[in-house]
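User: Please take a close look at one part of this protein for me, the place where a few strands pair up. I would also like to know how that part sits within the whole chain.

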Amino acid sequence: MPRPSNFIRDIILEDLKTNKYDGRVQTRFPPEPNGYLHIGHAKAICLDFGLADEFGGHTNLRFDDTNPEKEETEYVDSIMADVKWLGFKWDGLFYASDYFDQLYEWAVKLIQDGKAYVDDLSAEEIRKYRGTLTEPGKDSPHRNRTVEQNLDLFRRMKAGEFPDGSRVLRAKIDMASPNLNLRDPVMYRILHAEHHRTGNKWCIYPMYDYAHGQSDSLERVTHSMCTLEFEDHRPLYNWFIQQLGIFPSQQIEFDRLNLTHTLLSKRKLLQLVEEGRVSGWDDPRMPTLGGIRRRGYTPEAIRNFTASIGVSKTTGSIELAMLEHFVREDLNKRTPRVMAVLRPLKVVIDNYPEGQVEEMDAVNNPEDPSAGTRKVPFSRVLYIEQDDFREVPPKGYYRLSPGKEVRLRYAYFITCTSVAKNAAGEVAEIHCTYDPATRGGNAPDGRKVKSTIHWVSEAHAVDAEVRLYETLFAAEDPNAAEDFTTMLNPHSLEVLADAKLEPALGKAAAGDRYQFERLGYFATDPDSKPGKPVFNRTVALKDSWAKIEKREKAG
């Protein structure tokens with residue numbers, strides 16, 4: 001089956017056709033190790049690794065670690081784990097800090113060529129001198145220092161003679177350029193901070209815009225994919241490459257992923273963690289890859305989703321329902337079905353023999369006949385969902401109610417005969433009778449019932465905590481508010497402490513995934529303890545995106 005094309009793939013095909021890079025395809029995924037990866041990064045990862053894989057190329061994982069104040073080894077480790085979880089292997093593992101010596105030497109060359117200078121203006125003064133989109137900038141009073149003066153000051157910056165923020169190295173380009181990125185951008189700043197890899201060797205650090213393009217060049221990257229906000233930076237990357245006469249990596253920009261009801265800003269996600277509004281970076285409500293992995297999403301679902309949304313130059317927003325559709329589609333094929341009662345209501349079958357236990361045959365996955373069947377214990381006292389009983393049923397309600405007959409999944413027909421209430425007047429227990437002739441769920445006389453409900457045997461039930469997750473943000477666009485925290489959904493998490501599960505789930509391991517029949521897809525949480533599992537709802541069964549697609553096709 002031919003792969004769907006996109007404009008980046010078309011560029012690579014043309015470059016291979018013209019032998020632009022001697023038939024090579026070299027990409028890289030260049031995260032900054034200052035936070036955890038999120039679903040937006042997954043799109044870039046799948047693009048960088050996927051295109052290289054398709055054309056027999058190579059992909060490097062490179063950490064752009066040029067800001068020691070915000071970077072930690074913890075983030076490096078988590079990023080590597082996330083890339084592996086998504087199913088990709090890098091061909092080379094690099095860090096921008098590997099190139100600090102070379103970047104410094106190239107900065108010296110630019111000074112010697114009269115293309116860079118040391119500036120004493122403060123950050124605020126540099127902003128004022130920079131001008132605006134409609135007004136040109138003006139030259140710094142230090143712009144015309146001699147090469148010798150600049151070399152001396154830059155070497156003394158490196159030697160640690162000056163305090164933080166007192167001087168910077170700037171490229172000498174054009175203060176009147178219509179592109180603000182070319183108005184003498186800062187290349188180096190003084191920062192006496194310990195780096196997670198180089199320690200205290202350096203007290204000057206290259207700016208991202210200076211280090212990024214040259215790192216690509218050093219790795220001989222042929223196709224350097226970036227999101228659209230870097231499009232205006234491309235002329236600067238090209239300027240550095242041209243001035244230094246080094247390998248010309250080709251930068252190509254594409255649209256970043258935006259999802260409804262979701263924030264994809266590392267700064268804002270960090271704020272949620274630091275303010276305790278979520279339990280951590282891997283909270284299952286977070287859009288981090290750690291969070292969605294803990295929630296039960298599969299890497300296959302993420303890869304299928306990113307392939308379906310395509311690549312373009314147009315910034316838009318994708319419905320969260322579309323992502324959930326791909327999660328359901330994948331889990332439907334792979335997850336075993338089990339029975340679980342989240343809000344238990346006791347049912348006593350009065351005419352069932354006391355002490356008797358039968359084993360009912362239950363299908364593990366109707367989508368996968370090879371998954372076979374399992375035995376589920378059935379006894380006189382069961383649990384059903386509270387929602388599956390109404391003492392006074394509304395019109396159109398076909399589940400259990402007084403005098404009504406329903407099917408118990410894989411078991412028998414039962415009929416409600418009476419109810420017992422607690423002191424508050426609430427239904428606490430239902431009494432029923434069963435028809436022994438309907439074992440397996442069918443009546444010999446051919447009578448039909450309109451509802452089938454799930455159940456768990458009281459004597460065999462596993463007690464569990466179940467966490468029901470909704471979107472973290474109630475608003476479709478959390479960024480629209482001045483304070484995004486006001487958009488948080490107060491109902492994003494509901495904890496059910498007294499769920500009852502069929503006995504096989506007592507041995508579920510962290511990360512195991514199941515479909516709780518009629519309820520949704522669930523994954524075992526690492527908080528689980530022996531005999532007391534904890535489950536996270538990955539996604540409900542209802543697939544609104546499938547309905548949206550069907551409606552659009554019909555229209």
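The request is about strand 23 and its neighbours: which strands pair with strand 23, and in which sense?

Analyst: The model is a predicted one, and the answer starts with the strands before turning to the rest of the protein.

Strand 23 covers residues 513-516 and has strand 10, residues 337-338, as a parallel partner. The two are joined by 2 bridges. One of the residues involved is V338, whose bridge partner in strand 23 is F516.

Strand 23 also pairs with strand 24, residues 520-524. Here the two strands run antiparallel, and 4 bridges join them. Among the paired residues is Q515, which has Y521 as its bridge partner in strand 24. Strand 23 and strand 24 form a hairpin with 3 residues between the strands. In this hairpin, R518 takes a positive phi near 75°. Strand 23 therefore pairs in two senses: parallel with strand 10 and antiparallel with strand 24.A positive phi also occurs elsewhere in the chain. D22, a residue other than glycine, has a phi near 55°. D22 lies in the loop between helix 1 (7-17) and strand 1 (26-29). With a relative accessibility of 66%, D22 counts as exposed. H261 is another residue other than glycine with a positive phi, in this case near 60°. The loop that holds H261 runs between strand 9 (250-254) and helix 9 (266-274). H261 has a relative accessible area of 23% and is partly exposed.

A second strand pair can be set beside the hairpin. Strand 4, residues 116-119, pairs with strand 5, residues 168-171, in the antiparallel sense over 4 bridges. Within this pair, D119 has V168 as its bridge partner in strand 5. Strand 4 is covered on both faces. A116 and V118 are on one side, Y117 and D119 are on the other, and all four are buried.

Now to the whole protein. The model has 13 helices and 25 strands. For 555 residues the globule rule gives 24 Å, but the radius of gyration is 31 Å, so the protein is more spread out than a compact globule. Along the principal axes, the C-alpha atoms fill a box of roughly 100 × 55 × 45 Å. One pair of residues gives a sense of this scale: the C-alpha atoms of Q149 and V427 are separated by 87 Å. Along the chain these two are 278 residues apart. Q149 belongs to helix 6, residues 147-159, and is partly exposed at a relative accessible area of 42%.

Of the 555 residues, 53% count as buried. Among contacts with a separation of 6 or more, 71% are between residues 24 or more positions apart. The accessible surface comes to about 25300 Å², and carbon and sulfur atoms account for 48% of that surface. The protein has 75 positive and 85 negative charges, and the mean positions of the two groups are 3 Å apart.

Methods. Residues numbered from 1 in each chain as written. Predicted model: local features only at pLDDT ≥ 70, side-chain atom pairs only at ≥ 80, totals over all residues. Heavy atoms only, no water. Rg over C-alpha atoms; globule rule 2.2 N^0.38 Å. Buried < 20%, exposed > 50% of the residue type's maximum accessible area, 1.4 Å probe, protein only. Contact = heavy atoms within 4.5 Å. Areas by Shrake-Rupley, 256 points an atom, 1.4 Å probe, with all protein chains shown as cover. Lys, Arg positive; Asp, Glu negative; His and termini not counted. Charge placed at Lys NZ, Arg CZ, Asp CG, Glu CD. Pairing = 2+ DSSP bridges.
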